[in-house]
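Student: I would like to learn how to read charged features in a protein model. Where should we start?

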Amino acid sequence: MSISRQRTLGGGGHHVLDYLKRMQAENPSFFYAVQDDNDLSCGNIFWADATSRTNYSYFGDAVIFDTTYKTNRYRVPFASFTGLNHHGQPVLFGCALILNESELSFIWLFRTWLHAMSGSHPVSITTDFDPSIHVSVAQVLPSTRHRFSKWSIFRETRGKLAHLYQSHPAFETEFKKSIHESETTDEFESYWHSLLERFCVMDNEWLQSMYNARQHWVPVYLRDSFFGEISSNEGNESLNFFFDGYVNSSTTLLGLVRQYEKAVSNWHERELKADYETTNSSPVLKTPSPMEKQAASLYTRKIFMKFQEELVETLANPATKIDDSGTITTYRVAKFGENQKSHVVTFNSLETKASCSCQMFEYSGIICRHILTVFRAKNVLTLPSQYLLKRWTRNAKTGTLLEEHASELPNSSHESITVRYNNLRQEAIKYVEEGAKSIQIYQVSMRALQEAASKVCTVKNQITGTAEGTIVTNGSSGGLLAADEDAPTYQSMCAEKLKKIQELTAELEVANQRCEVYRANLLAVLKDMEEQKLKLSVKVQNARLSLKE
């Protein structure tokens with residue numbers, strides 16, 4: 001039976017709605033929807049800006065839906081859809097104010113979010129443990145792997161078994177150990193049953209329900225699906241890293257919009273800095289391996305560091321051949337002196353493919369030390385293309401948007417204008433992002449934009465003025481609503497596109513100026529390092545002279 005929890009927004013709801021209407025008027029790609037237009041004070045609200053929708057087309061394979069507000073007594077029922085970009089940084093896919101927490105409301109929310117994301121289902125989604133959310137995900141995203149966050153399970157367990165935690169302090173440590181240290185399902189089963197017997201809780205209903213749901217939260221059951229995790233987040237008490245430090249239990253509804261914009265701006269700046277660092281500096285290589293050099297040129301800096309860590313570890317993880325049947329060879333790989341924790345790697349020499357029992361590549365998209373060890377043994381000197389996930393590379397945001405889901409795009413004349421608008425805007429944004437990276441690219445991008453503006457003007461003048469179709473706007477309770485009869489003509493759309501090109505040109509100039517500031521700061525740091533190195537060298541020489549005297 002569905003459990004419904006009701007909240008109200010009060011007068012602050014109109015403040016948020018006015019903001020959403022203004023943003024959508026400024027940019028048709030800004031999406032928002034209200035579940036119940038007749039009663040704004042208790043209807044759920046969802047929104048996603050143009051950047052969130054664009055980022056989803058690149059990084060929407062692994063999604064996190066955060067509802068921390070329910071556990072931290074937030075004054076604002078704020079939830080978010082996020083993921084990870086190619087630098088391993090949190091990236092936003094949409095936000096919501098959840099006032100009605102029934103199954104039907106969550107179903108509406110997931111359907112609305114999916115519609116805003118062009119109907120493209122993620123590979124996986126991670127949520128807090130909540131029966132209503134579980135039912136909603138199963139109905140709206142049946143092909144998506146659903147995972148409950150371990151933190152939410154640990155939090156719920158701590159509350160349900162408070163008496164046990166107090167009487168047996170060691171229980172929590174052993175409980176988490178059974179989760180974190182199990183490398184096979186058999187190991188987990190053994191750990192779990194031993195834990196229940198040791199603390200005499202074999203008949204505990206809560207632990208039994210968690211065991212029944214183990215395939216949704218115990219890592220060893222989930223490692224065959226992509227979640228994009230490149231580091232452990234066990235110390236965090238929330239899935240909401242994007243808004244960490246911006247939205248908390250004291251944030252008011254009136255302050256939410258301001259904090260939302262600050263968080264979006266902050267993470268955009270961080271991505272630009274990471275882009276600059278990746279493009280304009282080279283990492284220190286630790287081996288003579290051609291594979292390491294290849295990875296350094298393809299991966300972003302943070303992802304390369306993770307790959308490099310795995311590559312270096314191959315030196316301490318020898319491979320032992322345990323079976324050879326022609327094209328398929330099987331190895332046991334273990335850290336030197338720790339044979340009891342070995343992993344099995346199967347290598348197909350015909351296809352240059354390998355699979356490892358640790359399933360790190362399937363889970364994170366980064367190849368593990370065990371497969372790299374076998375590659376070294378088989379003289380595979382560079383990474384095969386199937387082990388280079390584009391979403392982790394420098395070029396993650398290049399290529400035609402939504403090309404994998406082209407067949408899912410709407411065909412009606414009403415929605416085709418919006419699709420064309422979004423595609424044009426996203427292509428222009430790429431000029432801005434790439435053009436800011438160096439003065440040479442900046443100049444080429446600027447000329448390209450100016451030539452495009454000139455061509456658009458020429459075509460515009462040749463148009464007779466016949467309207468090509470009505471435009472679609474969003475902001476309705478169902479997500480999309482046909483425009484009024486006085487919808488803009490194709491000429492006005494061309495004028496809007498020209499205006500956008502001019503605005504993007506201005507943004508390009510600002511981005512270039514910001515880039516120059518980063519460059520100047522970096523040069524200043526390098527200069528200071530050189531000066532410090534020189535001073536240290538002089539001191540060492542003086543010390544040596546003193547010793548000789």
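Tutor: Start with what a surface patch is: its residues have over 30% relative accessible area and no salt bridge, and like charges are joined within 9 Å. Asp and Glu count as negative. Keep in mind that this is a predicted model.

Student: Which residues form a negative surface patch here?

Tutor: Glu181, Glu183, Asp186 and Glu187 form it. One of these, Glu183, lies in the loop between helix H7 (170-180) and helix H8 (185-198).

Student: Is Glu183 buried or exposed?

Tutor: Glu183 is partly exposed, with a relative accessible area of 40%. The class between buried and exposed runs from 20% to 50%, so a value of 40% puts Glu183 in it.

Student: What is the wider setting for such values?

Tutor: The protein has 549 residues, and 47% of them count as buried. Its accessible surface is about 27900 Å², with 52% belonging to carbon and sulfur atoms. The fold contains 17 helices and 13 strands.

Student: How do I read a salt bridge, and how many are found in the whole structure?

Tutor: The criterion is a side-chain nitrogen of Lys or Arg within 4 Å of a carboxyl oxygen of Asp or Glu. A search of the whole structure finds 15 salt bridges. One of them pairs Arg145 with Asp224, at 2.9 Å from N to O.

Student: Why does the pair of Arg145 and Asp224 tie together parts that are apart in sequence?

Tutor: Arg145 lies in strand E7 (residues 145-148), while Asp224 is in the loop between helix H9 (205-212) and helix H10 (253-280), so the pair ties together parts that are 79 residues apart in sequence. Arg145 is partly exposed at 24% relative accessible area, and Asp224 is partly exposed at 47%.

Student: Which side chain does Arg301 meet in a salt bridge?

Tutor: Arg301 meets Glu277, at 3.6 Å from N to O. This pair links helix H12 (residues 301-313), which holds Arg301, to helix H10, which holds Glu277, 24 residues apart. Arg301 counts as buried at 16% relative accessibility, whereas Glu277 counts as partly exposed at 41%.

Student: Which residues are linked in a network of salt bridges?

Tutor: Lys306, Glu310, Glu313 and Arg369 are linked in one. Within this network, the closest N and O atoms of Glu313 and Arg369 are 3.5 Å apart. Glu313 lies in helix H12 and Arg369 in helix H14 (residues 369-377), so this pair ties together parts 56 residues apart in sequence. Glu313 is partly exposed, with a relative accessible area of 23%.

Technical notes. Residues are numbered from 1 along each chain as its sequence is written. This is a predicted model: local features need pLDDT of at least 70, side-chain atom pairs count only at pLDDT 80 or more; totals for chains, interfaces and linings use all residues. Side-chain values use heavy atoms; hydrogens and water are left out. Patches are made of residues with over 30% relative accessible area and no salt bridge: like charges are joined within 9 Å, nonpolar side chains (Val, Leu, Ile, Met, Phe, Trp, Tyr) within 5 Å. Accessible areas come from the Shrake-Rupley method with a 1.4 Å probe; for residues, only the protein chains shown count as cover. The place of a charge is taken as NZ of Lys, CZ of Arg, CG of Asp or CD of Glu. Helices (H or I, at least four residues) and strands (E, at least two) are DSSP runs, numbered from the N terminus. Buried means under 20% relative accessible area, exposed over 50%, partly exposed in between (1.4 Å probe, protein chains only).
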